[in-house]
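This briefing walks through a single protein chain, topic by topic. Keep the sequence and the 3D view open while reading.

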Amino acid sequence: GGAGRITVTATGSLELFVAGDVTIGGDGLRNQTKDPKKLAVFCTSGSTSDALAYATAQDFCGVIFCEHKPIDIRQNATFEGALLSRQYVRFSAGATSPVFHYDTALRQARFSGVTTPYVIRQATEI
């Protein structure tokens, strides 16, 4: 009857490792902790042919890291935390005014399933 959703409760956390084609859609990923370190999505695919697609207007509080895939923002939403890609983050036609708040505390964050911390070395605003 409704759109799918994953909810991280106020006392929970989630580290999600995904491979292949990935779309975050429906009612999105809701992080009730409001702590970006408590919700992390890691793309483990070595393919650079497709992007991780963020195709919902639901706000996002967390980390999305794609080592090989680009991240494609397809809807307007507010993002709190970090979107990291070795390729690029792009905005499709439906994403005319997304809002980003980078959490600088993530520079020192460690995630259990990732051996190397990732930081933003370069940001290009277009």
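C66 is buried, with a relative accessible area of 0%. C61 is buried too, at 7%. The model is a predicted one. The protein chain has zero helices and eleven strands.

**Cysteines**

- The count of disulfides comes to zero.
- C61 has a relative accessible area of 7%, under the 20% limit, and therefore counts as buried.
- C66 has a relative accessible area of 0%, so C66 falls under that 20% limit as well.
- C43, in β5, is also buried.

**Chain overview**

- From the N terminus on, the elements run β-β-β-β-β-β-β-β-β-β-β.
- The protein chain holds 126 residues, and 37% of them count as buried.
- Take the contacts between residues at least 6 apart in sequence: 39% of these join residues at least 24 apart.
- The accessible surface is about 7,300 Å². Carbon and sulfur atoms account for 46% of that surface.

**The sheet of five strands**

- One open sheet has five strands in the order β2-β5-β7-β9-β11. The pairing is parallel.
- β2 (14-18) and β11 (99-102) are the edge strands. Each has a single partner strand, so one side of each lacks a neighbour in the sheet.
- Neighbouring strands here are turned by 30° against each other on average, direction ignored.
- β2 and β5 run parallel and are joined by five bridges. Within this pair, F17 has F42 of β5 as its bridge partner.
- β5 and β7 also run parallel, joined by four bridges. Here V41 is matched with I64 in β7.

**β5 under cover**

- How many residues of β5 are buried? Five of its five residues are buried, and the strand is mostly covered.
- In a regular strand, side chains alternate between the two faces of the sheet.
- Both faces of β5 are covered. L39, V41 and C43 are buried on one side. A40 and F42 are buried on the other.

**The sheet of four strands**

- Another open sheet has four strands in the order β3-β6-β8-β10. Its pairing is parallel.
- β3 and β10 (89-91) stand at its edges. Each has a single partner strand, so one side of each is left without a neighbour in the sheet.
- The twist from one strand to the next averages 20°.
- β6 and β8 pair in the parallel sense over three bridges. A53 stands opposite D72 in β8.

**Nonpolar cores**

- The largest nonpolar core has 19 residues. L52, Y54, F60, I64, I71, I73 and F79 touch the most other members.
- Which elements give two or more residues to this core? They are β3 (22-24), β5 (39-43), β6 (52-54), β7 (60-66), β8 (71-73) and β9 (78-85).
- Another core, of nine residues, lies apart from it. Its members include F42, F65, L84 and F111.
- F42 thus has three entries in this briefing: F42 is a member of the core of nine residues, F42 is the bridge partner of F17, and F42 is buried on one side of β5.
- I73 touches Y54, F79, L83, V89, R90, F91, S92, A95 and F100, leaving out residues up to four places away in sequence.
- Y54 and F79, both touched by I73, are also listed among the core residues that touch the most other members.

**D59 and its surroundings**

- Where does D59 sit? D59 lies in the loop between β6 and β7.
- D59 has a relative accessible area of 41%, between the 20% and 50% limits, so D59 counts as partly exposed.
- D59 is in contact with L29, Y54, A77 and T78, leaving aside its neighbours within four places in sequence.
- D59 and F79 are 20 residues apart along the chain, yet their C-alpha atoms are separated by 6.0 Å.
- Y54 links this loop residue to the core: Y54 is in contact with D59, and Y54 belongs to the largest nonpolar core.

How values were computed. Residues are numbered from 1 along each chain as its sequence is written. This is a predicted model: local features need pLDDT of at least 70, side-chain atom pairs count only at pLDDT 80 or more; totals for chains, interfaces and linings use all residues. Side-chain values use heavy atoms; hydrogens and water are left out. A nonpolar core is a set of buried Ala, Val, Leu, Ile, Met, Phe, Trp, Tyr and Cys residues joined through side-chain atoms within 4.5 Å. Buried means under 20% relative accessible area, exposed over 50%, partly exposed in between (1.4 Å probe, protein chains only). Contact means heavy atoms within 4.5 Å. Two strands pair if DSSP finds at least two bridges between them. Axes are lines fitted to C-alpha atoms, for helices over the stretch in contact, and angles run from 0 to 180 degrees between N-to-C directions. A disulfide is a pair of cysteine sulfur atoms within 2.5 Å. Accessible areas come from the Shrake-Rupley method with a 1.4 Å probe; for residues, only the protein chains shown count as cover.
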